[in-house]
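Biologist: I'd love a close look at one part of this protein, told in plain words. Could you pull it up so we can go through it together?

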Amino acid sequence: MNYKPLLGKNAVVFGVANKWSIAWAVAKTWHEAGANLIIGYQGERLKKPVEALLSELPSSPPSLAFPCDVSNEQEIKSFFSEALKHFPKIDLLLHSIAFAPKEALEKNFYETTREDFIKTFEISVYSFIALAREAKALFTDGGSILTLSYYGAEKVISNYKIMGPAKSALESTVRYLAYEFGKDQIRVNALSPGPINTLAARGISGFTKFLKECEAKSPLKRNVEAKEVASVALFLASDESKAITGQTIYVDCGYSILGF
Ligand code: NAD
């Protein structure tokens, strides 16, 4: 890419598990656009795979990785103090994290337990507030914060279950953060992609069949690719989108416009 709209920007990316992760597509695109990169990975288990992915990137601009399990408040604090040693400020943050216990995705929605509800919302929604809050002081020159939602926030997707209300809460969180962060020129938005074959998506039962249905029904007659989500993330990270905040933007080959 000759056009480097993110040259000199510092980006923090959460949610890279493997080469199929949407977060990895965004990280690569932001890096290619000139951004310095720090990845926050879930735990020791992901250290080697994430470092192996980073070794595929050109050495300039720099890219680093540190652990950050978002269920652990202390780990979030340690991650940002580590990041501060390398980046005097942050310009971009991607939250591409979701989790629901397996049982909660298998039972009827009305059978969701208190414990599974709390866990799902803690990892998939609260973590976004926690990361944004911790990062806020480092956004000294404005910037852009992004998260990943899904159409199940707005309409019933039968197998999405507890993740549906969690994504509704996440989209609302985007608006409330955008409102409070706006005066510091920190923009907060969500991308809502159509189905993409990743580790998290394969936890939803019937996902492969669903992919085929979306491909057949979407106005564009295909499914979205992670790199196409990354292109929109590049737009939302760049100054080209500097009047956009508080929005959830569909990147779904048009599926969400359908009435049935
Ligand atoms: P993925 O499995 O590659 O990414 C999920 C990430 O969440 C992983 O990197 C995992 O390590 C991280 N994570 C889970 N619990 C964590 C914790 N406690 N601490 C730190 N990290 C934790 O799958 P993906 O599809 O790339 O998912 C990324 C985001 O995109 C999710 O929010 C998902 O809901 C959303 N999304 C995915 C699709 C799809 O079809 N794949 C569609 C719309 C939205």
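Biologist: Let's zoom in on Leu94. Leaving out residues up to four places away in sequence, which residues does Leu94 touch?

Modeller: Happy to, and keep in mind that this is a predicted model. Not counting residues up to four places away in sequence, Leu94 touches Val12, Val13, Phe14, Ala23, Val26, Trp30, Leu146 and Leu148. Leu94 itself is found in strand E4. With a relative accessible area of 0%, Leu94 is buried, because buried means under 20%.

Now pick one of those partners, Ala23. Along the chain, Leu94 and Ala23 are 71 residues apart, yet from C-alpha to C-alpha they are 7.5 Å apart in space. Ala23 is one of the buried residues of helix H1, and so are Val26 and Trp30, two of the other residues that Leu94 touches. So what about H1 as a whole? H1 covers residues 22-32, and 9 of its 11 residues are buried, so H1 is largely enclosed by the rest of the structure. The buried set also includes Ile22, Trp24, Ala25, Ala27, Thr29 and His31. A general point about helices helps when you look along one: an α-helix has 3.6 residues a turn, so residues three or four places apart point the same way. After H1 comes Gly34, whose phi is positive, near 110 degrees.

Let's go back to E4 and follow the chain onwards. Ala100 sits in the loop between strand E4 (92-95) and helix H4 (102-106). An unreviewed UniProt entry lists Ala100 under "binding site". Ala100 counts as buried because its relative accessibility is 11%. Setting aside residues up to four places away in sequence, Ala100 touches Leu105, Thr120, Ile162 and Met163.

Leu105 is handy for our next step, as Tyr160 is also in contact with Leu105. Beyond its neighbours within four places in sequence, Tyr160 also contacts Tyr150, Gly152, Lys167 and Ile204. For "active site", the unreviewed UniProt entry lists Tyr150 and Tyr160. Of these residues, Tyr150 is included in the lining of the largest cavity. Tyr150 lies in the loop between strand E5 (143-148) and helix H6 (163-181), and Tyr160 is found in the loop between E5 and H6 too. Tyr150 is buried, at a relative accessible area of 10%, and Tyr160 counts as buried at 10% as well. If you skip residues up to four places away in sequence, the residues that Tyr150 touches are Ile157, Tyr160, Lys167, Glu171, Ser192, Pro193, Gly194, Pro195 and Phe210.

Helix packing is worth a peek as well. Look at helix H3 (residues 73-86) and helix H5 (residues 114-136): their axes come within 10 Å and cross at roughly 35 degrees. That crossing is right-handed. On the H3 side, Glu73, Ile76, Lys77 and Phe80 take part, and they meet Tyr126, Ala130, Leu131, Arg133, Glu134 and Ala135 in H5. Sorted by class, this contact has 6 nonpolar, no polar and 4 charged residues.

There are some backbone oddities to spot too. In general, most residues other than glycine have a negative phi, and most peptide bonds are trans. Here, though, a cis peptide bond joins Ser60 and Pro61, with omega about -5 degrees. You'll find Pro61 in the loop between helix H2 (44-55) and strand E3 (63-67). Gln185 is not a glycine, but has a positive phi of about 60 degrees. Gln185 lies in the loop between H6 and strand E6 (186-193), and is exposed, with a relative accessible area of 56%. Lys221 also has a positive phi, near 60 degrees, and is a residue other than glycine. Its place is the loop between helix H7 (207-217) and helix H8 (226-237), and Lys221 is exposed at 52%.

To round off, compare buried Leu94 with Ile244. Ile244 is in the loop between H8 and strand E7 (248-251), and counts as partly exposed because its relative accessibility is 24%. Apart from residues up to four places away in sequence, Ile244 touches Arg187, Asn189, Phe235, Leu236 and Ile249. Between the C-alpha atoms of Ile244 and Lys119, which are 125 residues apart along the chain, the separation is 31 Å.

How values were computed:
Residues numbered from 1 in each chain as written. Predicted model: local features only at pLDDT ≥ 70, side-chain atom pairs only at ≥ 80, totals over all residues. Heavy atoms only, no water. Axes fitted to C-alpha atoms, helices over the stretch in contact; angles between N-to-C directions. Helix = DSSP H or I, 4+ residues; strand = E, 2+ residues; numbered from the N terminus. Left-handed = near helix turned anticlockwise from the far one by under 90°. Contact = heavy atoms within 4.5 Å. Nonpolar A, V, L, I, M, F, W, Y, C, P; charged D, E, K, R; others polar. UniProt positions renumbered as here; feature names shortened; annotations may be inferred. 1 Å grid on protein atoms, 1.4 Å probe; cavity = no way out; pocket = protein on both sides within 12 Å on 5 of 7 lines; lining within 4 Å. Buried < 20%, exposed > 50% of the residue type's maximum accessible area, 1.4 Å probe, protein only.
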